[in-house]
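Hi,

Here is the structure I said I would pass on. Have a look at it first, and my notes on what turned up follow below.

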Amino acid sequence: MAKARTDKRPLSPHLQHYKLPLTAWLSISHRATGIANSAAIVLLVILIASASGTPEGYDTVAAIVGSWFGKLVLFGFTLTLYYHLCNGVRHLFWDVGYGFKLQTARTSGIVCLAVAGALSVITWLVAAAS
Amino acid sequence: MSHQRTPLKQVKGLGSAKEGTSHFWAQRLSAMALVPLILWLCFSIASLPGMDYVTLREWLSHPFTAVMMILLIVAGFFHARLGLQEVAIDYMGGHASRTIAFVAITFLAAIMAVTGVFSVMRIAFAG
């Protein structure tokens, strides 16, 4: 009974073959950065909690955070925080009904990436200057 | 619309999750609060002359810093809990594993938030 299908029906996009558009990558990134930011706020609490204790305890935590690897992670967190913040504002505009046109959604996505990158660099420039 | 729905259900409009739009709204509300709070956090820490014990404590013991930090910790973990709950709903199939994830996420968020708020207060009130 089973007969091979010969008609050319459209298939739903298969993730291993379909090239995701930029907006799709940005959407996935919103969730991924959200998870990363949960780790960032946990790190913030660890830092504050250790500062509420003895100087020795704080210095141990601060040495890890202040190492080159710690700073790399912190720079990553500024990127994820700012990206999630910018893209979150983009979502808030969608929630009230603005920015749904394909070109608008693409442009606002690129703006989010640019602003997130710029804010991260500015933050670290401020840190280097002070 | 459908005649299967009772008038009461139409009025309450809570849908299949029995929560209505409360999750959606709570996430947006905390998102709006976090926009200024995160900008404040990043630029304040960047502006600190150093990250040593004394400098950090001195900064945290300012009333404005302490209040902003407590707001950020509360709004941050509230928002994180809602977001992680959504991730669990999307990727976890089983009812049991999903429930365990909800409990774990909620407890961890509460523990971390209270630890954070308590630590800020401990530094602030120590002067």
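Before any burial figures, here is the cut-off behind them: a residue is called buried if 20 or more other C-beta atoms lie within 10 Å of its own, exposed if 12 or fewer, and partly exposed in between. By that count, 21% of the 127 residues of chain B are buried. Please keep in mind that this is a predicted model, and that everything below is computed from it.

Chain B

Chain B is built from five helices and has zero strands, so you can guess the pattern along its sequence: α-α-α-α-α. Its radius of gyration comes out at 20 Å, well over the 14 Å that the globule rule gives for 127 residues, so chain B is more spread out than a compact globule. If you want box dimensions, the C-alpha atoms of chain B fill roughly 65 × 30 × 25 Å along the principal axes. As for contacts with a separation of 6 or more, 70% of those in chain B are between residues 24 or more positions apart.

One residue I looked at in chain B is B:I105, which sits in helix α5. Is B:I105 buried or exposed? Neither, quite: B:I105 has 19 other C-beta atoms within 10 Å, and because buried starts at 20, it counts as partly exposed. Leaving out residues up to four places away in sequence, B:I105 touches B:R81, B:L84, B:Q85 and B:A88. Take B:L84 from that list: B:I105 and B:L84 are 21 residues apart in sequence, yet their C-alpha atoms are 7.2 Å apart in space.

Chain A

Chain A has four helices and zero strands, in the order α-α-α-α. Here the radius of gyration is 21 Å, and the globule rule gives 14 Å for 130 residues; chain A is well over that, so it too is more spread out than a compact globule. The box for the C-alpha atoms of chain A, again along the principal axes, is roughly 75 × 40 × 25 Å. Of the 130 residues of chain A, 26% count as buried. Residues 24 or more positions apart make up 72% of the chain A contacts that have a separation of 6 or more.

Where the chains meet

On the interface, 27 residues of chain A are in contact with 29 residues of chain B. The side of chain A that touches chain B draws at least two residues from each of α1, α2 (55–66), α3 (68–95) and α4 (102–129). Which helix gives the largest share? That is α1(A), with ten residues. Sorted by class, this side of chain A has 16 nonpolar, eight polar and three charged residues.

Two of the helix pairs that α1(A) makes with chain B are worth opening in your viewer.

First, α1 (residues 22–51) of chain A against α4 (residues 63–91) of chain B: the two pack at an angle of about 140 degrees, with their axes 10 Å apart. Roughly antiparallel would need an angle over 145 degrees, so this pair is classed as oblique. The crossing is left-handed. From α1(A), the contact uses A:R31, A:G34, A:I35, A:S38, A:I41 and A:V45, and from α4(B) it uses B:I73, B:G76, B:F77, B:A80, B:G83, B:L84 and B:V87. Together these residues split into eight nonpolar, four polar and one charged.

A:I41, in helix α1 of chain A, is one to click on in this pair. With 25 other C-beta atoms within 10 Å, A:I41 is buried, because the cut-off is 20 or more. Setting aside residues up to four places away in sequence, A:I41 touches B:G76, B:F77 and B:A80. Within its own chain, A:I41 is 36 residues along from A:F77, and their C-alpha atoms are separated by 9.6 Å.

Second, α1(A) against α5 (residues 95–126) of chain B: here the angle is about 35 degrees and the axes are 8 Å apart. This crossing is left-handed as well. The contact brings A:V42, A:V45, A:I48, A:A49 and A:A51 of α1(A) up to B:M112, B:T115, B:G116, B:S119, B:V120 and B:I123 of α5(B). By class, that makes eight nonpolar, three polar and no charged residues. Note that A:V45 is listed in the contact with α4(B) and also in the contact with α5(B).

Cheers

Note on methods:
Residues are numbered from 1 along each chain as its sequence is written. Chains are lettered from A and ligands numbered from 1 in the order in which they are written. This is a predicted model: local features need pLDDT of at least 70, side-chain atom pairs count only at pLDDT 80 or more; totals for chains, interfaces and linings use all residues. Axes are lines fitted to C-alpha atoms, for helices over the stretch in contact, and angles run from 0 to 180 degrees between N-to-C directions. Angles under 35 degrees count as roughly parallel, over 145 as roughly antiparallel, 65 to 115 as roughly perpendicular and the rest as oblique. A crossing is left-handed if the near helix is turned anticlockwise from the far one by less than a right angle, and right-handed if clockwise. Two residues are in contact if their C-beta atoms, placed from the backbone, lie within 7 Å. Ala, Val, Leu, Ile, Met, Phe, Trp, Tyr, Cys and Pro count as nonpolar, Asp, Glu, Lys and Arg as charged, and the others, Gly among them, as polar. The radius of gyration is taken over C-alpha atoms; the globule rule is 2.2 Å times the number of residues to the power 0.38.
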